[in-house]
Amino acid sequence: MRKNKYYILHTILSLCFLNSDAVAGTVKDIIIGKVIVHPFAQDQLEVGSNIQGNKSSSSPSASGPHIRNGVRVNIANQVRIGAIWDFGAAPGGQMRLFEGAASYTGLKHFQFSVGVFNPSFGLSSMQPRGDSIFPERASVSTITRGLAAGANRQAIQALFYGSYYHLAISGTAGTAGPGKDGNQRAIVFRSVILPIRSQSFLMHIGISGEWVFQPSHKSSMEGGVSFSDTPENGDGLKDKYIKTGNILAKSAGAFGLEGAISWKKLLITSEYYNLIVNTKPNPTTTRQNFYGWYVTAAYTLVGKARSWKATSASFTSPSCDQKDSLFCHGTGVIELATRFSQMDLESNDISGGKQNIWSLNINWYPLDILRLSLDYSHTKFYRKGTYNDFDSILSMFQVYF
């Protein structure tokens, strides 16, 4: 009886994708002579809510926080062009260019890029959302990358990479499309090495930094920076509990360490960052310091473990180690993960709050381009003598190729 049910479900899903080729691997590239066109999609639907705690519970809320589609083109293995449009968070998000960049890759171990793209900075930041372990990044990664190295960023970059190293330096400006930092100027760098790499064991060590020497400003206002984030699983409310507000600044930066250990099917990753803001002269202080960190452990229960990519110095999604990608091993690829993170935006006369979050997550890949996640988080938040302690749950459906 169980075999019959599995056969029926397998047949229905196969018919949904029309032919066996569609489910035998990733979405097929379009090849025209020496030009390879790779369709790109990164679309997510999330449903979440608070479920208990001293913060009032909320009704389930659905949103499409990331809806991005386009193409990436490879020309004769010499030039790569990305053209991807961000349709904005649904409902009501602002549309903008997510990636519009050209890269020269004709020189072995080098890549030179210019345009709108995500410059190399931090392990979590460089993992595309389709390859991320959790539906949303840890707050420290979201906040630091947003300073000068996040998506939609106008940038120029030189990258030197290989099987055991990744070195990148970038110059960045503002974000493309709607935004307030169009005249910002910054330098971003990242250095990663693999001191140990074998068939079953890998050690990843790196440093990253970014320095904004010209903060964004409007014609009628002085330059400034601000830091904020929602709880890491969105909590169905999109409230930003940690936030500094605008800080008048002469310059600002973030510097930190990243590390990872991969052993067979287990992957442990961690990052720590210190944020520095040199404020405009005032009677009390000229420098603000904030910090944050996270530790993540992920285990591939069914399927092939995550692998390391030299071009981004990050880890891919787990995959099927058999040819058939539909319900690999009869179940699909399954990954379990846990994470603890802390973000502290308290410094001198600025009280942006302190947040601790523990999360537990399960990822299921019935197909190599489909992912379903279920995330549980426990959040503790402090600011100016106030305290919030609540649990929340988030489910995610994602299409990524």
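**Two enclosed spaces and one open one**

Modeller: In the second largest cavity there is about 40 Å³ of space, a volume being what probe spheres set on the grid points fill, with points joined across faces, edges and corners. The model is predicted, so local features need pLDDT of at least 70 and side-chain atom pairs pLDDT 80 or more, while totals for chains, interfaces and linings use all residues. Residues are numbered from 1 along each chain as its sequence is written, and side-chain values use heavy atoms, without hydrogens and water.

Colleague: Why is this space called a cavity?

Modeller: Because, on a 1 Å grid over the protein atoms alone, a 1.4 Å probe fits at its points but cannot get out. Two cavities of 30 Å³ or more are counted, and the largest holds about 170 Å³.

Colleague: Which residues line the second largest cavity?

Modeller: Among them are S262, K264, A298, Y299, T300 and R306, a lining residue having an atom within 4 Å of a point. The strand β17 (287–302), a DSSP run of E with at least two residues, gives the most, three residues.

Colleague: What makes the second largest pocket a pocket?

Modeller: A pocket is an open set with protein on both sides within 12 Å along at least five of seven lines, and the second largest one has a volume of about 310 Å³. Of its 16 lining residues, Q199, S262, K264, R306 and S307 lie nearest its centre, while β11 (201–214) and β15 (247–263) each give two or more residues to that lining.

Key: Helix = DSSP H or I, 4+ residues; strand = E, 2+ residues; numbered from the N terminus.
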